Amino acid sequence: MDQFLYTKFIMSQVSTIIPFYNGNDTIARAIDSVIDSPLCLEVVVMVDASPDKLSLSDTQRAHVTAGKLRIIESNTNLGQAAMRNMGVSVSLAPFVSFMDQDDMYMPMFCEEMSAVLLQRPELAAVECGAEIFKNGMNVLNAPDPRYFTAMNSVPWNVLVRRNAFWQAGAFPVDPEFRKKLAGEDIAFKQAIKHYFVVGTDYSRQLLRHHLRDGSATDNYINRTEIVDGQIVFKEVFENEASGEWNDALQRHWSGVTRDITMLRALTQLN
């Protein structure tokens, strides 16, 4: 590897994973918001058996040729959790971020988030805040307590070390998490926060999340209200009420606990 490529590889810290499904109206914006960052090694678009073929601009196809934009296609629809996991498995950078196809990073997302992990090796991940938009309007922000609970649960505001991602159990792919309640994001975020140190600054809004009708965050906002400063749920989903969702969550966390306990025991033996 020549010196230029070696220096570029060392400087480029981030692989951004973007699941794609019928998102040609927004995917170009998502890709373009990150791919020119000097700290972005690659953007990995995971096409989840999308009926609409991914459409790229001439500039984006040039990035494909250069290897900075990678397109991975699945013939079977597996869902966002599985596609994110697959994206991490083929990624090359030491730090990984997850963007929805509707979203966009603000300038300096990669630079500011990477700087924190590079300066603080004790951190497994770092979180930032986000603008949450729907129909051109910012619909959720501080001091609404739902803003903080959303930021604590979503995957698109985090930059994580790849080894910590796997140790925290990745995103669970249990069928319960593909129902209306979803929740694979909560499972991942809470696991990594339980077992590792995560830096958090929700006041630094380094991305814009565009709500889609029926998305997990959209559902969360629509089925909650604030009463006397507290979050109150107006609606409970069927698998939530039956306990099936919580059972799936506990199974996932139990598996993570088992694996991390075993790994730490082996580390101490060595």
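This passage describes a pocket, a helix that contributes to its lining, and some backbone features of a predicted model.

A good place to begin is the largest pocket, whose volume is about 1,100 Å³. Its lining comprises 48 residues, and those closest to the centre are Ala182, Glu184, Asp185, Ser215 and Ala216. Several elements each supply at least two lining residues, namely strand 1, helix 4, helix 6 (145-151), helix 8 and helix 9 (216-222). Sorted by class, the lining holds 21 nonpolar, 14 polar and 13 charged residues.

Glu184, one of the residues closest to the pocket centre, belongs to helix 8, which spans residues 184-195. The residue is buried and yet forms no salt bridge. Its nearest side chain of opposite charge is that of Arg84, 4.4 Å away, and a salt bridge would require a side-chain nitrogen within 4 Å of a carboxyl oxygen. Beyond its neighbours within four places in sequence, Glu184 touches Gln80, Ala81 and Arg84, together with Phe171, Pro172 and Phe177.

Arg84 leads on to helix 4, which covers residues 80-90. Here the buried residues are Ala81, Ala82, Met83, Arg84, Asn85, Gly87 and Val88. They pack against four strands and two helices: strand 1 (14-20), strand 2 (40-48), strand 3 (69-74), strand 4 (95-98), helix 7 (162-167) and helix 8. Helix 4 and helix 8 thus meet through buried residues of helix 4, and both helices contribute to the pocket lining.

The backbone also offers some points worth a look. Most residues other than glycine have a negative phi, and most peptide bonds are trans. Against that background, the bond joining Ala142 and Pro143 is cis, with omega at about 15°. Pro143 sits in the loop that runs between strand 7 (137-140) and helix 6.

Two residues that are not glycine show a positive phi: Ala49, at about 50°, and Met108, at about 80°. Ala49 lies in the loop between strand 2 and helix 3 (58-66), and Met108 in the loop between strand 5 (104-105) and helix 5 (109-119). Ala49 counts as partly exposed because its relative accessibility is 25%. Met108 is likewise partly exposed, with a relative accessibility of 43%.

Finally, Val236 occupies the loop between strand 11 (230-233) and helix 10 (238-241). Leaving out neighbours within four places in sequence, its contacts are with Arg223 and Ala241. From Phe98, Val236 is separated by 138 residues in sequence and by 27 Å in space, C-alpha to C-alpha.

Conventions: Residues numbered from 1 in each chain as written. Predicted model: local features only at pLDDT ≥ 70, side-chain atom pairs only at ≥ 80, totals over all residues. Heavy atoms only, no water. Buried < 20%, exposed > 50% of the residue type's maximum accessible area, 1.4 Å probe, protein only. Lys, Arg positive; Asp, Glu negative; His and termini not counted. Contact = heavy atoms within 4.5 Å. 1 Å grid on protein atoms, 1.4 Å probe; cavity = no way out; pocket = protein on both sides within 12 Å on 5 of 7 lines; lining within 4 Å. Points joined across faces, edges and corners; volume = space filled by probe spheres on them. Nonpolar A, V, L, I, M, F, W, Y, C, P; charged D, E, K, R; others polar.
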